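Q: I would like a close look at a single part of this model. Please keep it brisk and work from the side chains outward.

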Amino acid sequence: VILASVKELDFAWSALIAACIANMFAAVRGNENKKLMETPGLKDRIGTVGNQFAITTVLGFILSLPVLFLREGSRFGEFVQLAKTTPAIWMNLVASGLWFYGYNECATMTLKKTGAVTQSVANTAKRVIVIVGVALVLGESLSPIKLIGCSIGIGGVFLYSIIDNLVKPKK
């Protein structure tokens, strides 16, 4: 994914670093959610996987508030003013929040059926598919470096899916 994005002229290093940190925390959250799902008696106390996801989402939101206010607190008034005068902001905010929540709840349910590594590999495949899909829809050319990056991503996902058959233990 990095190789497919590296040639962009308007590339922001802070965005890459923030995305890497977000991916790291998403992997930690997935791993901890999987451990939590396997905790005896938890289903009796929490209920469904959807409830577990809701709890971790609310907890993540609360934990991110200090970072939000440190980084963007000075611009909060500006955001409120803009939101009051532009109804599209509220519609986009609600729509993106619902889509993000739905996607991540589905990912948490998938995690219950698979594992954290499998989900991480599927996320890599998703990113590659998004890069190629957006390029096709927007009519952008795929430069050789993007094609190499996408090929490495798809090859890695493919290798992960067949690795157990390639290195079967001898009986």
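Which side chain does Arg 75 meet in a salt bridge?

A: Arg 75 meets Glu 78. The model is predicted, and the bridge spans 3.6 Å from N to O. That is inside the 4 Å cut-off for a salt bridge. The structure holds 1 salt bridge, and this is the pair in question. In general, side chains of opposite charge can pair when their charged atoms come close. Arg 75 counts as partly exposed, because its relative accessibility is 47% and that class runs between 20% and 50%.

Next, confidence. Helix H5 covers residues 76–85. Its mean pLDDT is 90, the highest among the elements of the protein. Helix H1, residues 2–5, has the lowest, at 58. For the protein overall, the mean pLDDT is 79. Residues at 70 or more make up 91%. Where pLDDT is low, predicted coordinates should not be read in detail.

Now the rings. The structure holds 1 aromatic pair. Phe 76 and Phe 79 form the pair, with ring centres 6.4 Å apart. Their planes stand at 40°, so the pair is tilted. The reasoning is short: stacked needs under 30 degrees and edge-to-face needs over 60, and 40° falls under neither heading. The centre distance also passes, because the limit for a pair is 6.5 Å. Both residues belong to H5. They sit 3 residues apart, about one turn of the helix.

How open are these rings? Phe 76 has a relative accessible area of 45%, so Phe 76 is partly exposed. Phe 79 is partly exposed too, at 32%.

Phe 79 also leads to the neighbouring helix. H5 and helix H6, residues 87–113, have axes that come within 5 Å. The axes cross at roughly 105°. That makes H5 roughly perpendicular to H6, because the class covers 65 to 115 degrees. From H5, the contact uses Phe 79, Leu 82, Ala 83 and Thr 85. From H6, Pro 87, Ile 89, Trp 90 and Leu 93 take part. Phe 79 thus has two roles here: a ring partner of Phe 76 and a contact residue toward H6.

One last point lies outside this part. Thr 57 is placed in helix H4, residues 49–72. Thr 57 is partly exposed, with a relative accessible area of 29%. Its C-alpha atom is separated from that of Leu 147 by 35 Å. The two residues are 90 apart along the chain.

Note on methods: Residues are numbered from 1 along each chain as its sequence is written. This is a predicted model: local features need pLDDT of at least 70, side-chain atom pairs count only at pLDDT 80 or more; totals for chains, interfaces and linings use all residues. Side-chain values use heavy atoms; hydrogens and water are left out. pLDDT is the predictor's confidence in each residue, from 0 to 100. Helices (H or I, at least four residues) and strands (E, at least two) are DSSP runs, numbered from the N terminus. Rings of Phe, Tyr and Trp (its six-membered ring) pair if their centres lie within 6.5 Å; planes under 30 degrees apart count as stacked, over 60 as edge-to-face and the rest as tilted. Buried means under 20% relative accessible area, exposed over 50%, partly exposed in between (1.4 Å probe, protein chains only). Axes are lines fitted to C-alpha atoms, for helices over the stretch in contact, and angles run from 0 to 180 degrees between N-to-C directions. Angles under 35 degrees count as roughly parallel, over 145 as roughly antiparallel, 65 to 115 as roughly perpendicular and the rest as oblique. Contact means heavy atoms within 4.5 Å.
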